[in-house]
Amino acid sequence: MLDSQSAAFAERVWDVASQLGNNAPKIADHIMEAAFPLTCSQARAEGAMRMLRTGIISEVKRILRNRRDVERQTDFADRCDAFAPLVSDLRSKSYFVESAEEYVAVPDLIAEPDLLDDARRFMRRKGLECLAEANRLDALYTAVTGNGADAALIGEVLA
């Protein structure tokens, strides 16, 4: 996709998000046929529509997560200077809120603590799932390499 097409696609994502909310699958379903008619037609003919949709959803999520909205950050600054150091350490400008099924900007999370609670619980659960998977990979690595020094440590972690 050319840079100008990427910018136009991102703009379209934000236009649709303002109507439907920040739900990536809904946004993708709403715009993919209009944005990529030939690609969708070809993907349908080749039986690859599900894979195309998955890729478009992924791109929509990336766009929703990475928006640099100076105006919203100014609004955030008006809310409370005490939060600024905490927000500056965050890696994203928005986070997934499971109950809303959408990404929500940090200033909006601050304004609605229930959404912030949902976002942090979701992030923590995903983090724990990643750690559990890393532990399983550690155990597999130990088994594959036969590295006995790590074997005892892995056994303790898995217990």
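Which residue forms a salt bridge with E33, and how far apart are the closest N and O atoms? In this predicted model, the partner of E33 is R44, and the closest N and O atoms of the two side chains are 2.2 Å apart. The pair links distant parts of the chain, since E33 belongs to helix α2 and R44 to helix α3 (residues 37–46), with their positions 11 residues apart in the numbering. E33 counts as partly exposed at 36% relative accessibility, and R44 is likewise partly exposed, with a relative accessible area of 46%.

**Overall arrangement**

The protein contains nine helices and two strands, which follow one another along the sequence in the pattern α-α-α-α-α-α-β-β-α-α-α. Of its 159 residues, 25% count as buried.

**Helices α2 and α4**

Helix α2 spans residues 24–35, and its buried residues are A24, I27, A28, I31 and M32. Seen down the axis of α2, these buried residues fall within an arc of 120 degrees, so they line one face of the helix. The spacing behind such a pattern follows from helix geometry: an α-helix has 3.6 residues a turn, so residues three or four places apart point the same way.

Helix α4 (residues 49–65) has 17 residues and reaches 24 Å from its first C-alpha to its last, close to the 24 Å expected at 1.5 Å a residue. Within α4, the residues I56, I57, V60, I63 and L64 are buried, and because they cover an arc of only 120 degrees around the axis, they lie on the same side of α4.

**Salt bridges**

The count of salt bridges comes to eight. One of them joins helix α4 to helix α2, through R53 and D29, which are 24 residues apart. Both partners of this bridge are partly exposed, R53 with a relative accessible area of 31% and D29 with 43%. Another lies inside helix α8, where E129 and K126, being three residues apart, are separated by about one helical turn. Here too the side chains are partly exposed, E129 with a relative accessible area of 38% and K126 with 33%. In addition, D117, R120 and R121 are linked in a network of salt bridges. Three of the pairs are listed below with the separation of their closest N and O atoms.

| Salt bridge | Closest N and O atoms |
|---|---|
| R53 and D29 | 2.6 Å |
| E33 and R44 | 2.2 Å |
| E129 and K126 | 3.4 Å |

**Aromatic cluster**

The structure holds three aromatic pairs. In one of them, the rings of F96 and Y103 have their centres 5.5 Å apart and their planes at 70 degrees, so the pair is edge-to-face. F96 also pairs with F122 in a tilted arrangement, with 5.0 Å from centre to centre and 55 degrees between the planes. This second pair links distant parts of the chain, as F96 is in strand β1 and F122 in helix α8, 26 residues apart. Ring pairs thus link F96, Y103 and F122 into a cluster. F96 is partly exposed, with a relative accessible area of 23%, whereas Y103 is buried at 11% and F122 counts as buried at 18% relative accessibility.

**Loop and surface**

E101 lies in the loop between β1 (94–97) and β2 (102–105), and has a positive phi of about 55 degrees although it is not a glycine. E101 is partly exposed, with a relative accessible area of 46%. On the surface, L137, L140 and V144 form a nonpolar patch with about 310 Å² of accessible area together, and L140 is found in helix α8 (residues 113–145).

Key. Residues are numbered from 1 along each chain as its sequence is written. This is a predicted model: local features need pLDDT of at least 70, side-chain atom pairs count only at pLDDT 80 or more; totals for chains, interfaces and linings use all residues. Side-chain values use heavy atoms; hydrogens and water are left out. Helices (H or I, at least four residues) and strands (E, at least two) are DSSP runs, numbered from the N terminus. The expected span of a helix is 1.5 Å times one less than its number of residues. Buried means under 20% relative accessible area, exposed over 50%, partly exposed in between (1.4 Å probe, protein chains only). The arc is that of the directions from the helix axis to the C-beta atoms. Patches are made of residues with over 30% relative accessible area and no salt bridge: like charges are joined within 9 Å, nonpolar side chains (Val, Leu, Ile, Met, Phe, Trp, Tyr) within 5 Å. Accessible areas come from the Shrake-Rupley method with a 1.4 Å probe; for residues, only the protein chains shown count as cover. A salt bridge is a side-chain nitrogen of Lys or Arg within 4 Å of a carboxyl oxygen of Asp or Glu. Rings of Phe, Tyr and Trp (its six-membered ring) pair if their centres lie within 6.5 Å; planes under 30 degrees apart count as stacked, over 60 as edge-to-face and the rest as tilted.
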